[in-house]
Amino acid sequence: MLKAWGGGDEAALSRLAEHVYPELRRMAGRYMKDEAQGNTLQATALVHEVYLRLVDVTNVEWRARAQFFAIAAQMMRRILVDAARTHGSRRRGGIPAEVNLEDSALLSPTPDRSILAVDDALTAFAQVAPRQAKVVELRYFGGLTEDEIVAALDISPRTVRRDWNLAKAWLSRELKRGEPA
């Protein structure tokens, strides 16, 4: 269906949406479960925003399911970061005191505060280690599993684990560096 959609088959997009919507909804639902009741960004709205952005993607040669979800994860990152910035969730003094990189942004109990800090650090990290930054983006922002990351990036499970460990160490150091004294 991805290849048919990439080839211009609009009907394939409708069929694809039926298949991927539940997975996108699950990803968004994990993120939203710990959000405050009054939060203006709801899981359904997050999925719909990702879908609208995916419909506009025209210059991608779709190869695999993992690639699709990797791009969806990147879009979720942008949407979540934009929403966090809109809500002015940065603390005075900048970076929040605690960011748990083991939780994905989709599962984090305080996502707005941590999303901005991780996004800023990850943007800097991508300048020196782009593949490792992509692993973080897929895992932290997209909630992808190790196996899904292996498929999306076409690297070995060991490389994913190594990249994740390096990224966690680098990001933890950078996030601590930005904490208020």
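This tour moves through a predicted model, from the whole chain to its core and then to two pairs of packed helices.

**The whole protein**

Begin with the entire chain in a cartoon view. The protein has eight helices and zero strands, so the reader who follows the sequence meets the pattern α-α-α-α-α-α-α-α. Colour the residues by burial next. Of the 181 residues in the protein, 45% are buried. Contacts are also informative here: among those in the protein with a separation of 6 or more, 67% join residues 24 or more positions apart.

**The largest nonpolar core**

Select Trp5, Leu24, Leu54, Trp62, Phe68 and Phe125, and show their side chains. The largest nonpolar core has 54 residues, and these six touch the most other members. Which helices each supply at least two residues of this core? They are α1 (2-6), α2 (10-32), α3 (43-55), α4 (65-86), α5 (111-128), α6 (130-141), α7 (146-153) and α8 (157-177). With 13 residues, α4 gives the most to this core.

**Leucine 24**

Centre the view on leucine 24, which lies in helix α2. Is this residue buried or exposed? Leucine 24 has a relative accessible area of 2%; burial is defined as under 20%, and therefore leucine 24 is buried. Now display its surroundings. Apart from neighbours within four places in sequence, leucine 24 is in contact with Val47, Val50, Phe69, Ala72 and Met76. Then add glycine 142 to the selection. Leucine 24 and glycine 142 are 118 residues apart in sequence, yet their C-alpha atoms are 9.5 Å apart in space.

**Phenylalanine 125**

Move next to phenylalanine 125, another of the core residues that touch the most other members. Its contacts, leaving aside neighbours within four places in sequence, are with Gln132, Ala133, Ala167, Trp170 and Leu171.

**Helices α3 and α4**

Hide the other helices and keep α3 and α4. Two packed helices are described by the angle between their axes and the distance between the axes. How are α3 and α4 arranged in these terms? They pack at an angle of about 120°, and their axes are 10 Å apart. The two helices are therefore oblique to each other. The crossing in which α3 passes α4 is right-handed.

Show the side chains where the two helices meet. On the α3 side, select Leu46, Glu49, Val50, Arg53 and Leu54. On the α4 side, select Phe68, Ile71, Ala72, Met75, Met76, Arg78, Ile79, Leu80 and Asp82. Coloured by class, this contact of α3 with α4 shows ten nonpolar, no polar and four charged residues.

**Helices α7 and α8**

Bring back the full chain and select α7. Its buried residues are Ile149, Val150 and Ala152. These buried residues pack against α4, α6 and α8.

Keep α7 and α8 in view for the second helix pair. Their packing angle is about 105°, with the axes 9 Å apart. That angle makes α7 roughly perpendicular to α8. At the contact, Glu146, Ile149 and Val150 in α7 meet Pro157, Val160 and Arg161 in α8. The residues of this contact divide into four nonpolar, no polar and two charged.

For the last stop, select aspartate 154, which follows α7. The phi of aspartate 154 is positive, near 55°.

Notes
Residues numbered from 1 in each chain as written. Predicted model: local features only at pLDDT ≥ 70, side-chain atom pairs only at ≥ 80, totals over all residues. Heavy atoms only, no water. Core = buried A, V, L, I, M, F, W, Y, C linked by side-chain atoms within 4.5 Å. Buried < 20%, exposed > 50% of the residue type's maximum accessible area, 1.4 Å probe, protein only. Helix = DSSP H or I, 4+ residues; strand = E, 2+ residues; numbered from the N terminus. Contact = heavy atoms within 4.5 Å. Axes fitted to C-alpha atoms, helices over the stretch in contact; angles between N-to-C directions. Parallel < 35°, antiparallel > 145°, perpendicular 65-115°, else oblique. Left-handed = near helix turned anticlockwise from the far one by under 90°. Nonpolar A, V, L, I, M, F, W, Y, C, P; charged D, E, K, R; others polar.
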